[in-house]
Amino acid sequence: MNTNRPKGNQKHIDLSGRIRIEQGLNNGDSFRDIARSINKDPSTISKEVRRHSIIKERNADAFAPTPCANNYDESKPRANICKVMHMCGDNECQHRCVTCRKFRCSDVCKFYKPRECEKLKKPPYVCNGCGKRVNCMMEKKIYSSKYAQDTYENVRTTSREGINQTPESIQQLDDLLSPLIKKGQSIAHIYASHADEIACSRRTIYSYIDSGVFEVRNMDLRRKVVYKPRKKKTATSIKDRAFRKDRGYKEFLDYVDKNKPTYIVEMDTVEGAKGTKPCFLTMLFRNCKLMLMFLLEDQTQDEVNRVFDYLTKVLGIELFQKLFEVIITDNGHEFQDRWNLECDENGEIRTRIYYCDPNRSDQKGALEKNHEYIRYVLPKGISFENMTEETTLLLLNHINSEKRDSLNGHSPYEVSQILLDNKLHEALGLVEIPADEVTLIPALVK
């Protein structure tokens, strides 16, 4: 018996563990090596990969309609993606199938069956570390940490929903409870007399009645309709603070003191008139006071995620990791999806996000101060519904071009040319406005 096998910690795999699994698969590591790195059993890794892998459709470009090739180059045969193509006895038919580029086999052939890679029938069961993955024409199975985590959370939620009773047991409860409740008896009274016959809690009974499972309704309960519905807790309630665990302002200061990051970014949103949806996502580099500003259709997590994915795409993951090494922001609901903000679509860590203490906007005071320049042009109470990507960029360039005493008479744009990578300016269209043309009044965007 191998006594050196690492014992599991009896907990579910979390996002960090799934990211390590994906990285290990991409590197070609064995299940045993991956399991050892996250302190799990290899069989657990095997089940996780098979359970949460996703089928990736074949590249549509490979099937793009083109004229049938009369000048077909036999030295460059088309990849055989059909499982039954060579079963036909007609050689002429086989030649047409191989050389035709005009039709999709799946659209015209009733016998079409896609080929399946034999390697997927044995470990690692996915194509993550396959060297032929890029040019392979067959369907691919990919393990994605983000997809696996989303699937896991969805299953965990839905598994707790619904009614955990058989139709027969529900009917027995209904036959017992409904007549007694209609007599005016309370649930507490019924439980005191029939506890042995009721195989669920009082809370469950109330839930069943509220869901309309029984013959009786909420109106039949003595005091149910008297109570007002409880107010839902806000997104920043104590119960929902898991997003900032080990990522508070104290941890932020510890990280900065230990790692001395070159780039620290402050992040926030600026809202328009009350009742309107468009808003700005703002980011500010502490070392040069250069601000970035993005127009959001709504103040939601999805919109913030969209901006992060856009920046990752136009800058590249390596430059994003360099410029946005650490971000400090507030506890707004739009920033609480920390896991998706910190990881790109492939599960690679791209930044670290920390959160200010509640009601302490001064902990990102440089950005709060910089918002004054936005209000010079768009005062409070003004809607952003007429703003576009072009006018937002125009406003941003004027703000970044104003010279500041705090920068010894230089503008944030000038200082950023020295301290930041110029690829950022090129990718986002940041330019310097001549000093005498800088305009920070409402007429700028009208």
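**Exercise 1. Work out which way the residues of strand 5 point and how far the strand is covered.**

Solution. Begin with the side chains in this predicted model: M291, M293 and L295 point one way from strand 5, while L292, F294 and L296 point the other way, and all of them are buried. Next, take the strand as a whole, which spans residues 291-296: six of its six residues are buried, so strand 5 is largely enclosed by the rest of the structure. Finally, follow one of these residues outward: leaving aside neighbours within four places in sequence, L292 is in contact with L281, T282, M283, F285, F324, L396, L424, L428 and L430.

**Exercise 2. Trace how strand 3, strand 4, strand 5 and strand 6 are paired.**

Solution. Start from strand 5, which is joined to strand 4 (residues 279-285) by six bridges, the two strands running antiparallel. Within this pairing T282 stands opposite M293 in strand 5. The hairpin made by strand 4 and strand 5 has five residues between the strands, and in it K289 takes a positive phi near 65 degrees.

Then move from strand 4 to strand 3, since these two pair in the antiparallel sense over seven bridges. Here V270 has F280, in strand 4, as its bridge partner.

The last step leads from strand 3 (residues 264-271) to strand 6 (residues 326-329), where the pairing is in the parallel sense and covers three bridges. One position to look at is I264, which stands opposite V326 in strand 6. Strand 3 is itself mostly covered, with seven of its eight residues buried.

**Exercise 3. Find which residues have the most contacts inside the largest nonpolar core.**

Solution. The largest nonpolar core has 53 residues, and those with the most contacts inside it are M283, F285, L292 and F324. Apart from this core lies another, of 17 residues, among them I198, I209, F214 and V216.

**Exercise 4. Describe the aromatic pairs, and say where F243 and Y355 lie in the chain.**

Solution. The count comes to eleven aromatic pairs. In one of them, the rings of Y208 and F214 have their centres 5.9 Å apart and their planes at 90 degrees; because an angle over 60 degrees counts as edge-to-face, the pair of Y208 and F214 is edge-to-face. Both partners are buried, Y208 with a relative accessible area of 6% and F214 with one of 2%.

F243 and Y355 form another edge-to-face pair, 4.9 Å centre to centre and with 80 degrees between the planes. This pair links distant parts of the chain, for F243 lies in the loop between helix 9 (202-210) and helix 10 (249-259), whereas Y355 lies in strand 7 (residues 352-355), 112 residues apart. F243 counts as buried at 2% relative accessibility, and Y355 is buried with a relative accessible area of 0%.

To finish with the rings, note that Y249, F252, Y255 and Y354 form one aromatic cluster. Charged ends also sit over rings: that of R50 over the ring of Y125, 5.0 Å from its centre, and that of R338 over the ring of W339, 5.1 Å from its centre.

**Exercise 5. Decide whether E342 and N400 are buried or exposed, and list what they touch.**

Solution. First place E342, which is in helix 13 (residues 338-342). Its relative accessible area is 7%, and because the limit for a buried residue is under 20%, E342 is buried. Not counting residues up to four places away in sequence, E342 touches R247, E348, I349, R350, T351, R352 and I353.

Then place N400, which is in helix 15 (residues 389-400). With 1% relative accessibility, N400 counts as buried. Residues up to four places away in sequence being left out again, N400 touches K289, L290, M291, S411, P412 and Y413; among these, K289 takes a positive phi in the hairpin of strand 4 and strand 5, and M291 is one of the buried residues of strand 5.

**Exercise 6. Give an account of the protein chain as a whole.**

Solution. Count the elements: the protein chain has 17 helices and seven strands. Turn next to burial, where buried residues make up 39% of the 446 residues. Then consider contacts with a separation of 6 or more, of which residues 24 or more positions apart account for 66%. Lastly, the protein chain exposes about 27,200 Å², and carbon and sulfur atoms supply 49% of that area.

Notes
Residues are numbered from 1 along each chain as its sequence is written. This is a predicted model: local features need pLDDT of at least 70, side-chain atom pairs count only at pLDDT 80 or more; totals for chains, interfaces and linings use all residues. Side-chain values use heavy atoms; hydrogens and water are left out. Helices (H or I, at least four residues) and strands (E, at least two) are DSSP runs, numbered from the N terminus. Buried means under 20% relative accessible area, exposed over 50%, partly exposed in between (1.4 Å probe, protein chains only). Contact means heavy atoms within 4.5 Å. A nonpolar core is a set of buried Ala, Val, Leu, Ile, Met, Phe, Trp, Tyr and Cys residues joined through side-chain atoms within 4.5 Å. Rings of Phe, Tyr and Trp (its six-membered ring) pair if their centres lie within 6.5 Å; planes under 30 degrees apart count as stacked, over 60 as edge-to-face and the rest as tilted. A charge sits over a ring if NZ of Lys or CZ of Arg is within 6 Å of the ring centre and within 35 degrees of the ring normal. Two strands pair if DSSP finds at least two bridges between them. Accessible areas come from the Shrake-Rupley method with a 1.4 Å probe; for residues, only the protein chains shown count as cover.
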